[in-house]
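Biologist: Please choose one part of this model and take me through it closely, residue by residue where that helps. I would like a single connected account that also places the part among its surroundings.

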Amino acid sequence: MRPVVVVNGSEDEPACRKDTVLINRAPHLILDGALLCAEALGARTLVVGVTRESTQRSMEAALAERGLSNGRRSALRARVQRNPVRMVTGAAASLIRSIDGGPAIPPGRKISASRSGVGGAPTLLSNAETFAQLAIAARIGPDRYGNTGLYDEPGTVMLTVSGAVARPW
């Protein structure tokens with residue numbers, strides 16, 4: 001069974017919007033990282049999980065710009081899975097369950113997605129920021145990436161800033 005790559009853009013934690021901003025403003029950066037993983041794993045399925053209409057539109061447009069679709073003849077079948085806005089929707093097991101046609105709630109038992117995820121296939125699932133970080137690391141190379149950030153935590157990081165600030169998010 002071929003592996004599946006899943007981008008989790010379903011963040012619904014209170015006051016956290018970094019994946020939403022990334023998907024709305026830089027969807028191709030996320031896709032670059034996800035497609036690197038899909039190629040490395042030999043995956044033929046890519047699913048992007050979202051909860052907002054804006055992120056759905058943005059990611060569907062980015063997939064279309066790349067000529068990616070869920071068509072049977074596609075070398076890589078790619079689609080967006082939209083789920084309701086709820087905190088539990090962002091849980092990996094909830095997203096996998098919804099991709100498989102079930103409700104976007106945890107199944108009640110812990111299952112390793114890397115062993116048995118979407119459709120029972122091994123599944124690489126991570127959040128949108130992680131795939132974007134992978135794309136950045138691939139673009140600038142390991143030495144430059146490793147020299148960015150802190151010594152014991154190389155690379156860049158995105159944070160959500162909200163509250164009493166001039167421009168929240």
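Modeller: Gly49 faces Gln81 of strand S3 across the sheet, and this pairing is a good place to enter strand S2, the part I have chosen. The coordinates are a predicted model, in which local features need pLDDT of at least 70 and side-chain atom pairs count only at pLDDT 80 or more, while totals for chains, interfaces and linings use all residues. Residue numbers start from 1 along each chain as its sequence is written, and side-chain values use heavy atoms, with hydrogens and water left out.

Strand S2 covers residues 45–50; strands here are DSSP runs of E with at least two residues, helices are runs of H or I with at least four, and both are numbered from the N terminus. Five of the six residues of S2 are buried, so that the strand is mostly covered, where buried means under 20% relative accessible area, exposed over 50%, and partly exposed in between, with a 1.4 Å probe and protein chains only.

Strand S1, made of residues 4–9, pairs with S2 in the parallel sense over six bridges; two strands count as paired if DSSP finds at least two bridges between them. Two of the partnerships can be followed by name, since Val5 has Leu46 as its bridge partner in S2, and Gly9 has Val50.

Turning to S3 (residues 77–82), six bridges join this strand to S2, and the two run parallel. Val50, already met as the partner of Gly9, has Arg82 as its bridge partner in S3. Between these two strands the chain leaves S2, passes through helix H3 (residues 53–65) and arrives at S3, forming a right-handed β-α-β crossover; right-handed means that, with the strands pointing away from the viewer, the path from the first strand over the helix to the second runs clockwise.

Seen as a whole, the sheet is open and has four strands in the order S3-S2-S1-S4, with parallel pairing. Its edges are S3 and strand S4 (123–127), each of which pairs on one side only.

The neighbouring strand S1 contains Val7, which counts as buried because its relative accessibility is 0%. Although Val7 and Glu129 are 122 residues apart along the chain, their C-alpha atoms are separated by 9.2 Å.

On the way to the edge strand S4, the chain passes through a loop that follows helix H4 (92–99), and Asp100 has its place in that loop, between H4 and S4. Asp100 counts as partly exposed because its relative accessibility is 44%. From Asp100 to Gly120 the C-alpha distance is 9.2 Å, for two residues that lie 20 apart in sequence.

Helix H2 (residues 27–41) adds one further point of reference, for Gly33 is found in this helix. Gly33 has 0% relative accessibility and therefore counts as buried. The C-alpha atoms of Gly33 and Gly102 are separated by 27 Å, and the two residues stand 69 residues apart along the chain.

To return to the chosen part, S2 is joined to S1 by six bridges and to S3 by six bridges, with five of its six residues buried.
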